[in-house]
Amino acid sequence: DSVADRLAFDRFRNDDFAIGEIFRLNNSDIFIDDSVLSSLITSCSFLAIGGDSDGYPTIQVIDGGNATGIIDPVTKMLTEGYAVPERDEHGKPVLEAYYRPYQTDYYKNGKLVQQFAHSATFALLVPIINRPDAKRPFGHSRSSRVCMDITQAVLRTFRRMDISAEFYSFPQKYILGISPDAKFNTKAATVSTFFTASVNDRGDKPTVGQFTQQSMAPYV
């Protein structure tokens, strides 16, 4: 989130086709945040371009887990694309879209329900890619293997710190020379500020001690 929040969209330069107006009418305040955050997580998010009932352009952000396509290595645009804009409560696709040049086909529950014609020479599923290269044209996720390893190491440290805090708060104690028949409440001795211990069979006083306290220094 901190990386995505630093990226702020300003405007379209040389806006001869009123793209800025279309953009503002498509929830521009959260549009960039959604698309950028999704691309940082999954390496690539997609903008699905369509139209409403009046024919006005609409733009929808689809995360990388619900869209894919065949990318042109030169233009970085999709020659073909597939997306799942809607799923049911069980994760099964309800609405699917197949994008190609000059036409987009919509399928509902596996049946063709709408065909949307357009004049673009590429699919109207536009990728927003994070750190693309020749080997991975769909980019790299911000959550790299190294990042995940470091995060897991931090979580393991916190777990160990939490367990060690219990031993730090209640260090282990011991009593030597107590009578085998003596009644001794271990729980009361642990949490009480004062406890008694009887002598053994020979009349010797018990020796009370404490093991070395767990140190929190390595975790801090």
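In the predicted model, Arg131 counts as exposed because its relative accessibility is 54%, a value over the 50% that marks exposure. Arg131 is found in the loop between β8 and α4 (145-169), and its phi is positive, at about 55 degrees, although Arg131 is not a glycine. Most residues other than glycine have a negative phi. A second case is provided by Asn14, which is likewise not a glycine and has a positive phi of about 55 degrees. Asn14 lies in the loop between α1 and α2 and, with a relative accessibility of 64%, counts as exposed. A positive phi, near 80 degrees, is also found at Ser43, the residue that follows α3.

The protein chain as a whole contains five helices and ten strands, and of its 220 residues 24% count as buried. Among contacts in the chain with a separation of 6 or more, 42% are accounted for by residues 24 or more positions apart. The surface that the chain exposes amounts to about 15,700 Å², of which carbon and sulfur atoms supply 54%.

Helix α3 comprises 15 residues and reaches 21 Å from its first C-alpha to its last, which is close to the 21 Å expected at 1.5 Å a residue. Its buried residues are Phe31, Ile32, Ser35, Val36, Ser38, Ser39 and Leu40, and these pack against α1 (2-6), α2, β1, β2 and β8 (125-129). Ser39, which lies in this helix, counts as buried because its relative accessibility is 5%, under the 20% limit. When residues up to four places away in sequence are not counted, Ser39 touches Cys44, Ser45, Ile128 and Asn130.

The contact between Ser39 and Cys44 leads to strand β1, in which Cys44 lies. Cys44 has a relative accessibility of 3% and therefore counts as buried. With neighbours within four places in sequence left aside, Cys44 is in contact with Ser39, Asp63, Gly64, Pro127, Ile128, Ile129 and Phe138. One of these partners, Ile129, is 85 residues from Cys44 along the chain, yet the C-alpha atoms of the two residues are separated by 4.5 Å.

Gly50 is also found in strand β1, and its relative accessibility of 9% means that Gly50 counts as buried. Apart from residues up to four places away in sequence, Gly50 touches Tyr56, Pro57, Thr58, Tyr106 and Phe116. Between Gly50 and Leu125 the distance is 9.2 Å from C-alpha to C-alpha, although the two residues are 75 apart in sequence.

The largest pocket encloses about 500 Å³ of space. Its lining consists of 19 residues, of which Ile19, Ile22, Ile49, Pro57 and Ile59 are the closest to the pocket centre. Two or more lining residues are given by each of α2 (19-24), α3 (28-42), β1 (44-51) and β2 (57-62). By class, the lining is made up of 16 nonpolar and three polar residues, and no charged residue is present in it. Pro57, one of the residues closest to the centre of this pocket, is also among the residues touched by Gly50.

Key:
Residues numbered from 1 in each chain as written. Predicted model: local features only at pLDDT ≥ 70, side-chain atom pairs only at ≥ 80, totals over all residues. Heavy atoms only, no water. Helix = DSSP H or I, 4+ residues; strand = E, 2+ residues; numbered from the N terminus. Buried < 20%, exposed > 50% of the residue type's maximum accessible area, 1.4 Å probe, protein only. Contact = heavy atoms within 4.5 Å. Areas by Shrake-Rupley, 256 points an atom, 1.4 Å probe, with all protein chains shown as cover. 1 Å grid on protein atoms, 1.4 Å probe; cavity = no way out; pocket = protein on both sides within 12 Å on 5 of 7 lines; lining within 4 Å. Points joined across faces, edges and corners; volume = space filled by probe spheres on them. Nonpolar A, V, L, I, M, F, W, Y, C, P; charged D, E, K, R; others polar. Expected span 1.5 Å × (residues − 1).
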